[in-house]
Amino acid sequence: MIDRELFQLAGAKSISKRLAGLDVLQAFLIVGQALALSAVITKLWQGHRLNWWLLLAFAACFTGRQLLTWLSNYWLDNYAGKTAQHLRRALLQKLFELGPALVQKQGTGSMITMVLDGIGEVREYVKLTFSKVMTMMIVPVLVLVATCFLDLRSALILLVMYPLIVMFMIILGRAAQAKAAKQFGNFQKLSNNFIDSLRGIDTLKYLGLSKRYSKSIFRSSETFRSRTMRVLKIAMLSTFALDFFTTLSIAVIAVYLGFGLINGKIGLFPALAVLILAPEYFLPIRNFASDFHATLNGKNAFKKIHQLINQPAAPIADRSLHEWVQSDQLALNHLQFQYPNGVAIKPFSLTVRGTQKVGIIGMSGAGKTTLINLLSGFLTPTGGKIMIQGQTTDTLDIPSWRRQLLYIPQNPYVFTASLRENIAFYTPHVSDDQVLKAIHVVGLDDLLADLPAGLDTVIGSGRRVLSGGQAQRIALARAFLDQDRRVMIFDEPTAHLDIETEMDLKARMLPLMANRLVFFATHRLHWMKQMDYILVMDHGALVEQGTYDELTSKNGYFMRLMKEMRGEK
């Protein structure tokens with residue numbers, strides 16, 4: 001019911017030893033507290049005056065327990081926080097290593113849930129599990145030993161009842177765990193569905209399907225809600241059953257002690273001490289059972305994150321590439337890629353030399369983004385060979401190749417940072433004059449004039465809202481400042497922009513492409529006239545390639561594509 005990997009985390013042995021020491025001390029304080037309180041009550045019952053020393057001993061034991069609990073929580077908070085940070089860094093590192101391949105396999109919503117909510121749930125899981133497990137392993141044993149010295153028969157009753165409670169806990173806990181694991185998977189599907197819906201809301205509105213799709217989302221969320229309630233029913237039932245059996249066990253002890261007192265078989269002091277210790281004996285397992293259901297999501301998230309972190313890394317080619325120059329050549333020979341669901345890039349060959357602009361055109365779903373991910377090294381080909389700068393390799397996942405890339409996607413990421421920091425992301429040491437020049441070149445002067453603190457104004461999520469065109473201009477300003485990277489990769493950079501904004505950006509983008517190797521994927525035909533070479537894709541196949549004049553003279557698929565996009569017959 002508890003992941004063994006949890007106790008293999010960094011620092012797990014150290015925190016376990018320290019918690020074990022605290023639990024041993026706490027067990028002695030529990031016994032001392034029970035004995036002191038029993039002695040005070042017994043002496044009062046016998047007609048003696050209140051023994052302040054015994055009462056002070058009880059207060060000292062009680063205060064000591066609270067201090068140990070505080071210290072345990074303090075240690076666990078620090079350890080759980082550091083563990084959560086370590087897991088988040090490891091997960092993000094794995095995400096950066098595997099790139100879009102991992103996101104496409106797991107789903108964007110699922111990955112966001114893991115990195116944000118999942119890590120927080122794992123933090124609580126680590127904290128509660130270490131605390132409750134160590135206490136459950138130590139305190140009942142020492143309390144039982146103390147009970148043996150007070151009354152052996154009571155100790156035997158406690159010893160017999162404990163395994164029964166554990167058995168019921170395992171049976172009901174497994175049922176709740178199975179339901180929770182299934183519901184965790186449903187939550188990941190719901191997250192993916194929600195993120196995909198947000199991404200496609202513009203398209204759904206354009207097609208008039210947004211209201212119909214909203215009903216689908218509502219049905220999915222209602223189904224998730226009803227299944228969640230079923231999980232909660234099992235969790236509440238198991239908690240009630242465990243509380244019932246532990247209460248029943250304490251009641252059995254109380255009845256036995258009562259008859260013992262009536263018959264004179266046991267004295268008041270040991271009877272009171274056993275009666276006070278009995279709830280303490282069952283308290284650790286009750287706490288563990290109640291918190292077990294609260295940590296099921298954390299347990300499932302930990303298992304999923306552990307699987308993701310331990311996924312084998314994609315092979316990285318051990319090649320040393322120099323800065324791309326005019327004499328360099330990139331040759332792809334029968335390159336292909338296959339997704340698990342069957343969508344593929346069919347085998348194709350391509351040779352690119354020097355600094356030129358290579359356009360990649362095709363309808364949505366033609367395979368443009370997949371080809372871009374292969375060229376940038378985010379995906380590893382499933383077949384074919386690559387020759388780059390005279391070296392043969394199976395993948396472009398080469399660190400020295402990645403360091404040469406400027407990647408501009410459909411929606412460039414704007415960090416929650418100042419305008420200066422966003423523009424100087426690749427080149428943090430540039431001067432303000434250089435940043436201002438980049439702003440002027442890409443046409444962000446109006447934005448700068450509107451910002452209250454100028455370059456120091458914080459933009460990004462929750463701050464200054466930017467339009468799609470402004471975000472693209474920031475990405476272009478980054479490219480303008482970084483003159484060392486000689487390879488530019490564009491993935492539908494103007495897909496969501498209006499035509500006026502796009503044409504203005506086009507005039508500013510083309511000069512940035514000079515003296516660079518450029519791969520430009522788009523479905524906007526007007527870009528093709530400015531490309532030196534064009535790749536035409538259809539359903540994962542490279543159906544045509546050549547210059548603009550060569551393709552138009554063939555009157556093949558490229559021309560049919562142009563007519564379709566223009567609405568011509």
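## Briefing: rings, pockets and turns

M565 lies in helix α18. The model is predicted. With a relative accessible area of 28%, M565 is partly exposed, because that value falls between the 20% and 50% limits. Its C-alpha atom is 8.8 Å from that of H523. Along the chain, M565 and H523 are 42 residues apart.

**Aromatic pairs**

- How many aromatic pairs does the structure hold? There are 14 of them.
- One pair is F425 with Y426: the ring centres are 5.4 Å apart and the planes meet at 65 degrees. This pair is edge-to-face, because the angle is over 60 degrees.
- F425 is partly exposed, at 41% relative accessibility. Y426 is also partly exposed, with a relative accessible area of 28%.
- Y548 and F558 form another edge-to-face pair. Their centres lie 6.0 Å apart, with 85 degrees between the planes.
- Where do the two partners sit? Y548 is in helix α17 (residues 548-554), and F558 is in helix α18 (residues 557-566). The two residues are ten apart along the chain.
- Is Y548 buried or exposed? Y548 counts as buried, at 17% relative accessibility. F558 is buried too, at 0%.
- F425 and Y426 also belong to a cluster: Y413, F415, F425 and Y426 form one aromatic cluster.
- A pair of rings is described by the distance of the centres and the angle of the planes.

**Charges over rings**

- R18 lies over the face of W75, at 4.9 Å from the ring centre.
- K506 lies over the face of W527. Here the distance to the ring centre is 5.3 Å.

**The second largest pocket**

- Rolling a probe the size of a water molecule over the atoms shows where empty space is left.
- The second largest pocket has a volume of about 390 Å³.
- Its lining has 21 residues. Which of them lie nearest its centre? They are Q26, T69, S131, K132 and T135.
- Four elements give two or more residues to this lining: α1 (12-45), α2 (52-98), α4 (108-150) and α8 (268-294).
- Which element gives the most to the lining? It is α2, with seven residues.
- The lining residues divide into eight nonpolar, eight polar and five charged.

**Transmembrane regions from the record**

- An unreviewed UniProt entry places the feature "transmembrane region" at residues 20-41, 53-76, 133-150, 156-176, 234-259 and 265-283.
- Residues 20-41 are 100% helix and 0% strand in the model. The end C-alpha atoms of this span lie 32 Å apart.
- Residues 133-150 are likewise 100% helix and 0% strand. Their end C-alpha atoms are 27 Å apart.

**Positive phi angles**

- Most residues other than glycine have a negative phi.
- Q389 is not a glycine, yet its phi is positive, at about 50 degrees. Q389 lies in the loop between β4 (383-388) and β5 (391-393).
- Q389 is buried, because its relative accessible area of 14% is under 20%.
- H539 is not a glycine either, and its phi is positive, at about 55 degrees. The place of H539 is the loop between β11 (533-538) and β12 (541-546).
- H539 is exposed, because its 61% relative accessibility is over 50%.
- G377 follows α10, and its phi is positive, near 90 degrees.

**Buried helix residues**

- Helix α10 (residues 368-376) is mostly covered. How many of its nine residues are buried? Eight are.
- The buried residues of α10 are K368, T370, L371, I372, N373, L374, L375 and S376.
- R478 is in helix α15 (residues 468-481). R478 counts as buried, at 7% relative accessibility.
- R478 and V435 are 43 residues apart along the chain. Their C-alpha atoms are separated by 9.0 Å.

How values were computed: Residues are numbered from 1 along each chain as its sequence is written. This is a predicted model: local features need pLDDT of at least 70, side-chain atom pairs count only at pLDDT 80 or more; totals for chains, interfaces and linings use all residues. Side-chain values use heavy atoms; hydrogens and water are left out. On a 1 Å grid over the protein atoms alone, a cavity is a set of points where a 1.4 Å probe fits but cannot get out, and a pocket is an open set with protein on both sides within 12 Å along at least five of seven lines; lining residues have an atom within 4 Å of a point. Grid points are joined across faces, edges and corners, and a volume is the space filled by probe spheres set on the points. Ala, Val, Leu, Ile, Met, Phe, Trp, Tyr, Cys and Pro count as nonpolar, Asp, Glu, Lys and Arg as charged, and the others, Gly among them, as polar. UniProt positions are given in the numbering used here, feature names are shortened, and annotations may be inferred rather than shown by experiment. Rings of Phe, Tyr and Trp (its six-membered ring) pair if their centres lie within 6.5 Å; planes under 30 degrees apart count as stacked, over 60 as edge-to-face and the rest as tilted. Buried means under 20% relative accessible area, exposed over 50%, partly exposed in between (1.4 Å probe, protein chains only). A charge sits over a ring if NZ of Lys or CZ of Arg is within 6 Å of the ring centre and within 35 degrees of the ring normal.
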